Amino acid sequence: MSKNILFAFLFVWGAIPAIAQKSYQVQSPDRNIKVEVTVADKVTFAIVQDDSEVMNSAVSMTLQGGEVLGANPKVLKVTKTSVDKEIPSPFYKKDVVKDIYNEMRISFRGDYGLAFRVYNDGAAYRFTTKRKESIVIADEEAVYNFPSDYKTFTAYVNSTKPTFEEQFFNSFEQPYVNEPITQLNDKRLKILPLLVDLGDGRKICVTEADLEDYPGMFLNNETGKPSLKAVHAPYPKVKEQGGHNQLQMLVKEREDYIAKTSGTRSFPWRAFIISRNDKELADCDMVYRLASPSRVKDLSWIRPGKVAWDWWNDWNLYGVDFRAGINNPTYKYYIDFAAEHGIEYVILDEGWAVNLQADMMQVIPEINLQELVDYGKSKNVGIILWAGYWAFARDMENIVKHYSDMGVKGFKVDFLDRDDQEMVNFVYKASEVCAKYKMLADFHGVFKPTGLQRTYPNVLNYEGVNGLEQMKWSPESYDMVTYDVTIPFIRMIAGPMDYTQGAMRNAAKGNYRPVNSEPMSQGTRCRQLATYVIFESPFNMLCDAPSNYRREKECTEFISRIPTVWDEMISLDGKVSEYVAIARRQGSDWYIGALTNWTPRELDLDLSFVGEGDYTLEVFKDGINADRAARDYKKEIIPVPADRKLKIHMAPGGGWAARVLKR
């Protein structure tokens, strides 16, 4: 860990007299981006890159009772700081994150302030308050104005119901539309991250970080204007148990405020990542940098890894002498498979606890959990339990302690489906309690990551992604292939994604259909292999049935070897919604993955990162007939070219994956 020791150089430039000053600015370390803040009857700021305005915004925060932080502001002090440090990131896509920025803090009369940070790849701001008593936030104003009606990559909430109140109940899983700001549907909320195409190769991604004790932010477009406006879910007032198998709390009435919170605190960062080309978006650390530092002192027990998963393949085993289903013989088969391939975990997804009871202490008679935990332990395979939100939340401490004492390694908590302050607080509390008892957490039916995985490193994954589960029920017209080459540049900026890949039944274009018990993926077999390199996922599922993996030995062995956390990442090439290529390293081992949309594609990859010496590539590439039979692939061992330039070909909906081996 010595190479991860934190170091920082802080240069406080001092308090700048603010008398009669109306504008203030802070620049990125490379001086290419600056934030210009104007203080008049309200506070506004603009983000400028290369002397061209990217966007501007008015910001304020309204307290219950009518006081507006940011209205008729009086500046007391402006302090600037430069920071150059390294953040240890042991369960991330790189082992160290460089955190280099300039910051400006403006203190206003009334015990509040604004902080602005400018990095070489974007900017962020947040409110701060210093008050003795708790405060109630009625609303937070943020209107992001763009100089032109730029096109966006936007994901709406799932719900198409007419009111925002009905849309706040939402799983945060949707494909993207590529439309100008003014043509977006202003009757539907938009989820973060949201990408704006500036039209000259540059893009700006809007998201948030360090979301704690506060609701998440949605965006909505201003009618007829190239503007995006913040919307927050009000605090729940009246709730009732219901929803999926009685495992959710449904909000029936909300308060007239969005948060009740401490009077002295820092509020969430609103972040704006700016790229000069698309491939930069696939390797962005902004959210991780802005998150609060780890609150877990001992990380030695945290073990990322892969998971043999039961639900996607519907427990559909064959070639066995027992009736497959939610029972001990089936899970012992999964454990045996995991042990054979060095897979760290097996999950018991929904069904192991008695249905409709929202009680995790009631286990169905077909399951003997202690027997499975002990059997897994004997084979170095940990057990993860699926948990519906309300069943977990209603008795959290007792549940976590009970199953920790049994030897269970963690929980997949599902069906949260809200991001109001109460649900955000639940996620933090669940992470804290799980860490207390040395348990891992994987959140599903949840809002996008905002850096919690840095604050509580036992949180290894999140859903908040329109993952492969969609293939169990989506119509033939659904386009998962295009989505796959869109999320690395947008959703993955926020943090890891429990996409749940690994299908061994693969469908070329026109051949896909939804089948619940024997589901298939869209695109080629090599596409599935490549996603294990492309998608960030420290806790990564093998979604298909062990029976299918045992028939596909080469692919299974390749998947099983791919790490889930990395020391280094290089974004090789990419264009949003068209293609992506990424290289990742753990130790001395490099892996490379590439994906294309439905367009067959050749890419020229620069492999100079492997360094000097003789290397070979273990390659999995689309077969010559993969455009018709998507399972068609070819494995080959080839030398890394002396000039380190390699041309690869991908079929429609295809992929390419390789491991670099030293001779």
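## Surface and charge

Let's start on the outside: the chain has an accessible surface of about 24800 Å², and carbon and sulfur atoms account for 47% of that. Keep in mind that this is a predicted model.

As for charge, the chain carries 82 positive and 90 negative charges, and the mean positions of the two sets lie 3 Å apart.

## Overall build

The chain holds 14 helices and 39 strands. Along the principal axes, its C-alpha atoms fill a box of roughly 80 × 60 × 50 Å.

How does the radius of gyration fit with a compact globule? For 663 residues, such a globule would come out near 26 Å, and the chain has 25 Å, so the two agree.

Inside, 62% of the 663 residues count as buried. Contacts also reach across the sequence: take those between residues at least 6 apart, and 72% of them join residues at least 24 apart.

## A look at helix 8

Helix 8 runs over residues 421–436, which makes 16 residues. At 1.5 Å a residue it should span 22 Å, and because its end C-alpha atoms sit 23 Å apart, the model agrees with that expectation.

Is this helix mostly covered or mostly open? It's mostly covered, with 12 of the 16 residues of helix 8 buried. Among them are Met423, Val424, Phe426, Val427 and Tyr428, along with Cys434 and Ala435. The buried set also includes Gln421, Glu422 and Ser431.

Just past the helix comes Lys438, a residue that follows helix 8 and has a positive phi, near 55°.

How values were computed. Residues numbered from 1 in each chain as written. Predicted model: local features only at pLDDT ≥ 70, side-chain atom pairs only at ≥ 80, totals over all residues. Heavy atoms only, no water. Helix = DSSP H or I, 4+ residues; strand = E, 2+ residues; numbered from the N terminus. Rg over C-alpha atoms; globule rule 2.2 N^0.38 Å. Buried < 20%, exposed > 50% of the residue type's maximum accessible area, 1.4 Å probe, protein only. Contact = heavy atoms within 4.5 Å. Areas by Shrake-Rupley, 256 points an atom, 1.4 Å probe, with all protein chains shown as cover. Lys, Arg positive; Asp, Glu negative; His and termini not counted. Charge placed at Lys NZ, Arg CZ, Asp CG, Glu CD. Expected span 1.5 Å × (residues − 1).
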